[in-house]
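Please open the structure in your viewer and keep the sequence panel beside it. The tour below proposes one selection after another and states what is found at each stop.

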Amino acid sequence: LGSERLGHAITAHADRVAVAMCGHIHLAREVEREGVPFVSNGSSYTQKELIIIEGRTWSRRVFTPPASP
């Protein structure tokens with residue numbers, strides 16, 4: 001969900017990271033590395049995804065925005 005180097009930098013501080021958000025890959029993904037959840041949104045040009053984070057849990061909502069006038 002990003003560069004390996006960034007992943008190492010984040011997991012080095014796993015005790016202080018609740019969740020790592022990654023983006024711009026257009027695919028909804030979730031993985032866990034060394035106790036840190038890495039989450040990416042699955043937005044595209046026609047659909048948007050909202051990720052709601054509450055503590056160490058999250059939920060996803062996918063919607064289609066209204067067309068531009």
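**First stop: the central strand**

Select strands β2 (residues 29-33) and β3, which run antiparallel and are joined by 5 bridges. Strands here are DSSP runs of E with at least two residues, helices are DSSP runs of H or I with at least four residues, and both are numbered from the N terminus. Two strands are said to pair if DSSP finds at least two bridges between them. The model is a predicted one: local features need pLDDT of at least 70 and side-chain atom pairs count only at pLDDT 80 or more, while totals for chains, interfaces and linings use all residues. Residues are numbered from 1 along each chain as its sequence is written, and side-chain values use heavy atoms, with hydrogens and water left out.

Within this antiparallel pair, mark E32, whose bridge partner in β3 is P37. Then move to the turn: β2 and β3 form a hairpin with 2 residues between them. E34 lies in the loop between these two strands, and its phi is positive, about 50°, although E34 is not a glycine. Is E34 buried or exposed? E34 counts as exposed, because its relative accessibility is 63%. In this tour, buried means under 20% relative accessible area, exposed means over 50%, and partly exposed lies in between (1.4 Å probe, protein chains only).

Now select β3 alone, residues 36-40. This strand is mostly covered, with 5 of its 5 residues buried. V36, F38 and S40 point one way from β3, whereas P37 and V39 point the other way.

**Second stop: the whole sheet**

Add strand β1 (residues 20-22), which pairs with β3 in the parallel sense over 3 bridges. A20 stands opposite F38 in β3, and C22 has S40 as its bridge partner there. With β1 in view, the 3 strands form an open sheet of mixed pairing, in the order β1-β3-β2. Its edge strands are β1 and β2, each of which pairs on one side only. Neighbouring strands of this sheet are turned by 20° against each other on average, direction ignored.

Next, select helix α1 (residues 4-11), which packs on the sheet and touches β1, β2 and β3. The direction of α1 makes about 140° with that of β3. For such angles, axes are lines fitted to C-alpha atoms, for helices over the stretch in contact, and angles run from 0 to 180 degrees between N-to-C directions.

**Third stop: the nonpolar core**

Which residues make up the largest nonpolar core? Select I10, V17, A20, C22, V36 and F38, the 6 residues of that core. β1 and β3 each supply at least two residues of this core. A nonpolar core is a set of buried Ala, Val, Leu, Ile, Met, Phe, Trp, Tyr and Cys residues joined through side-chain atoms within 4.5 Å.

**Fourth stop: V19**

V19 is placed in the loop between α1 and β1. V19 counts as buried because its relative accessibility is 19%. Leaving aside neighbours within four places in sequence, V19 is in contact (heavy atoms within 4.5 Å) with P37, V39, I53 and W58. Measure along the C-alpha atoms if desired: V19 and W58 are 39 residues apart in sequence and 9.4 Å apart in space.

**Fifth stop: E49**

Move to strand β4 (residues 48-54), in which E49 lies. E49 is buried, with a relative accessible area of 12%. The side chain of E49 reaches the backbone nitrogen of G42 at 2.6 Å, and makes a polar contact with the side chain of R60 at 2.8 Å. A polar contact is a pair of N or O atoms within 3.5 Å; within protein, one must be able to donate a hydrogen and the other to accept it, and residues adjacent in sequence count only if both atoms are side-chain atoms. Leaving aside neighbours within four places in sequence, residues in contact with E49 include A28, S40, N41 and V62.

**Last stop: the entire chain**

Finally, display the full chain, whose secondary structure comes to 1 helix and 5 strands. From the N terminus on, the elements run α-β-β-β-β-β. The C-alpha trace spans about 45 × 25 × 15 Å along its principal axes. Of the 69 residues, 22% count as buried.
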